[in-house]
Amino acid sequence: MSYRVTLIPGDGTGPELVEAASRVLEATGVPLEWEVQEAGEGVIAREGTPLPERVLDSIRRNGVALKGPITTPVGTGFRSVNVALRQSLGLYANLRPARTIPGVRTRYEQVDLVIVRENMEDLYAGIEHEVIPDVACESIKVITRPASERIVRFAFEYARRNGRRKVTAVHKANIMKLTDGLFLKVAQEVAREYPDIAFEDRIVDNMCMQLVQKPELYDVLVLPNLYGDIVSDLASGLVGGLGVAPGANIGERWAVFEPVHGSAPKYAGQNVANPTATILSGALMLRHLGEVEAAERVERAVREVIGEGRYVTRDLKPAPDDPSAVGTREMAEAIAARVRS
Ligand code: NAD
């Protein structure tokens, strides 16, 4: 039996990154059958929308998708395809592991964090209006018990399945006593069901400072949408930036795996973008499919190739103009060869 996977090349550097990642995943020997679905800027003229229904149908049929970044057109009236995808498919959990990769230049050595961000509500519900045009506006922050319970439970289940020791709930309940207060209260309640996993909470501003000073003290973090967005980028920065940060959007029935970074249009088609984040997102997909051994092989191969520092893209070289840097394709081929060996 093979796994049918929706493959969304995306915009900008997306197509070359997704191509590179799919070669690495195929090298594991896990039988994967790709169903390519174009979405994003390139399809707007033809289909009138960057996210045609056929893309959603394909993911609903196959259960999983590997996705390249998609450009959010500015000023066209289309909402972000990425937000629309998450909302339409109920992908309530955004999972972003941030782990030190030896060989990637960073200020920190031993970071191993997993950020679990609520993906559906909070200020991202998009309920905004002008109270007095051009003078005062309001944006409504929505926090509910079911969504909070679901995301905190996801974080604890993830911790248990992956041998993690601690979950930290992040909030600002000292100021937003009702909304963040509810999130914290629900987190404390759910934590009681998992006596084998330690639990603590942190106020978000303090959390940011602690992560910068002593990230090694933290393990799995669970956050409402907006704090999750910000803190997960901070965590990516601790391990070397967006080029190496994978992500997953997971719901009850469907899941979409994609790098944290965007479509970096200025590098499109130049074979220079770092494929690591997309390849590691593919490894998260293999784990999700239950192909844990293959996922570990991919992750190990990435770490080895980066650690050796030879077949890596220019952003991973000590100087950006290093002539020994290789392209996206060549780096992925080196990783694929290591996966096969
Ligand atoms: P970006 O992540 O595309 O680029 C920011 C910088 O990060 C780049 O200039 C580059 O220096 C670096 N970078 C990004 N990807 C890299 C890679 N693979 N290898 C090496 N360096 C890399 O962010 P942006 O410029 O703010 O956004 C561009 C477009 O992407 C926007 O339209 C935005 O809406 C969209 N976007 C999409 C997603 C998504 O599809 N999930 C996420 C973020 C941004």
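This is a short dialogue about a pocket and a ligand in a predicted model.

Reader: Hello! Where should I begin with the largest pocket, and how much space lies in it?

Author: Welcome! A pocket is an open set of points with protein on both sides. Here, the largest pocket holds about 770 Å³ of space. Its lining is made of 29 residues, and P97, Y158, N162, L284 and R287 are the closest to its centre.

Reader: Which helices and strands each supply at least two residues of that lining?

Author: Look for three strands and three helices by name: β4 (93-99), β5 (112-118) and β11 (246-250), then α5 (145-161), α9 (276-288) and α10 (292-308). Both domain 1 (1-95 + 242-341) and domain 2 (107-238) contribute at least three residues each to the lining.

Reader: How many of the lining residues are nonpolar, polar or charged?

Author: The lining of the largest pocket has 17 nonpolar residues, nine charged ones and three polar ones.

Reader: Now for the ligand. Which residues come nearest to it?

Author: A residue counts as near when one of its heavy atoms lies within 4 Å. Around this ligand there are 18 residues, with I70, T72, G262, A264 and N274 coming nearest. By class, that shell has eight nonpolar, seven polar and three charged residues.

Reader: What polar contacts can I look for?

Author: Try I70, where a backbone N or O atom is 2.8 Å from a ligand oxygen atom. In the side chain of E258, an N or O atom lies 3.2 Å from a nitrogen atom of the ligand. For K266, a side-chain N or O atom is 3.3 Å from an oxygen atom of the ligand.

Reader: And what share of the ligand's accessible area does the protein cover?

Author: On its own the ligand has 810 Å² of accessible area, and the protein covers 67% of that.

How values were computed:
Residues are numbered from 1 along each chain as its sequence is written. This is a predicted model: local features need pLDDT of at least 70, side-chain atom pairs count only at pLDDT 80 or more; totals for chains, interfaces and linings use all residues. Side-chain values use heavy atoms; hydrogens and water are left out. On a 1 Å grid over the protein atoms alone, a cavity is a set of points where a 1.4 Å probe fits but cannot get out, and a pocket is an open set with protein on both sides within 12 Å along at least five of seven lines; lining residues have an atom within 4 Å of a point. Grid points are joined across faces, edges and corners, and a volume is the space filled by probe spheres set on the points. Helices (H or I, at least four residues) and strands (E, at least two) are DSSP runs, numbered from the N terminus. Ala, Val, Leu, Ile, Met, Phe, Trp, Tyr, Cys and Pro count as nonpolar, Asp, Glu, Lys and Arg as charged, and the others, Gly among them, as polar. Domain bounds come from an automatic or database domain assignment. A polar contact is a pair of N or O atoms within 3.5 Å; within protein, one must be able to donate a hydrogen and the other to accept it, and residues adjacent in sequence count only if both atoms are side-chain atoms. Accessible areas come from the Shrake-Rupley method with a 1.4 Å probe; for residues, only the protein chains shown count as cover.
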